[in-house]
Amino acid sequence: CGRPAAIMAWRSALSKSLQELRVHICQTGEASAGAREFLLSNYAEIKKANPGFPVLVRECAGTEAKLIARYDYGVEKAVSIQGSSSSAVATKLQDLIKHGDTLPKSA
């Protein structure tokens, strides 16, 4: 239905690899425009594929746009998405998911 299966596959892998995703953005800053576009385009589908998975969007004027993934055992990894396009944000999120696949899992 419009989107290739490979693009949608990472959305369902999110809750298998991460415990939580935080997205920090500026509500109006140009450097956060791609992150805002990514959220507008993908948030509903992410939540539909992972209804109990916490996706926390934190908006603050002047903040650096970034993705912060929390994995099992409290391990966190943050990546800057400052100035990134919506597709670049998706790629960076997929990289965080792949990183989570390499980490030990709690029971």
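Ser-17 is in contact with Tyr-71, Ile-97, Gly-100, Asp-101 and Lys-105, leaving aside its neighbours within four places in sequence. The model is predicted. Ser-17 belongs to helix H1, which covers residues 5–17. Is Ser-17 buried or exposed? Its relative accessible area is 5%, which is under the 20% cut-off, so Ser-17 counts as buried.

Two residues on the contact list of Ser-17 also take part in close atom pairs with its side chain. The side chain of Ser-17 reaches the backbone oxygen of Ile-97 at 3.5 Å. With Asp-101, the polar contact is between the two side chains, at 2.5 Å.

The strands of the model can be described in pairs. The table sets out two of them.

| Strands | Residues | Direction | Bridges | Residues standing opposite |
|---|---|---|---|---|
| S1 and S2 | 20–25 and 55–59 | parallel | five bridges | Ile-25 and Glu-59 |
| S3 and S4 | 66–70 and 76–80 | antiparallel | five bridges | Leu-67 and Val-79 |

What do S1 and S2 make together with helix H2? Helix H2, residues 33–49, joins S1 and S2 in a β-α-β unit, and this unit is right-handed. Within the parallel pair, Ile-25 of S1 stands opposite Glu-59 of S2.

S3 and S4 form a hairpin. How many residues lie between S3 and S4? There are five, and Tyr-73 in the turn has a positive phi of about 60°. In the paired strands of this hairpin, Leu-67 stands opposite Val-79 in S4. In a regular strand, side chains alternate between the two faces of the sheet.

Technical notes:
Residues are numbered from 1 along each chain as its sequence is written. This is a predicted model: local features need pLDDT of at least 70, side-chain atom pairs count only at pLDDT 80 or more; totals for chains, interfaces and linings use all residues. Side-chain values use heavy atoms; hydrogens and water are left out. Two strands pair if DSSP finds at least two bridges between them. Helices (H or I, at least four residues) and strands (E, at least two) are DSSP runs, numbered from the N terminus. A crossover is right-handed if, with the strands pointing away from the viewer, the path from the first strand over the helix to the second runs clockwise. Buried means under 20% relative accessible area, exposed over 50%, partly exposed in between (1.4 Å probe, protein chains only). A polar contact is a pair of N or O atoms within 3.5 Å; within protein, one must be able to donate a hydrogen and the other to accept it, and residues adjacent in sequence count only if both atoms are side-chain atoms. Contact means heavy atoms within 4.5 Å.
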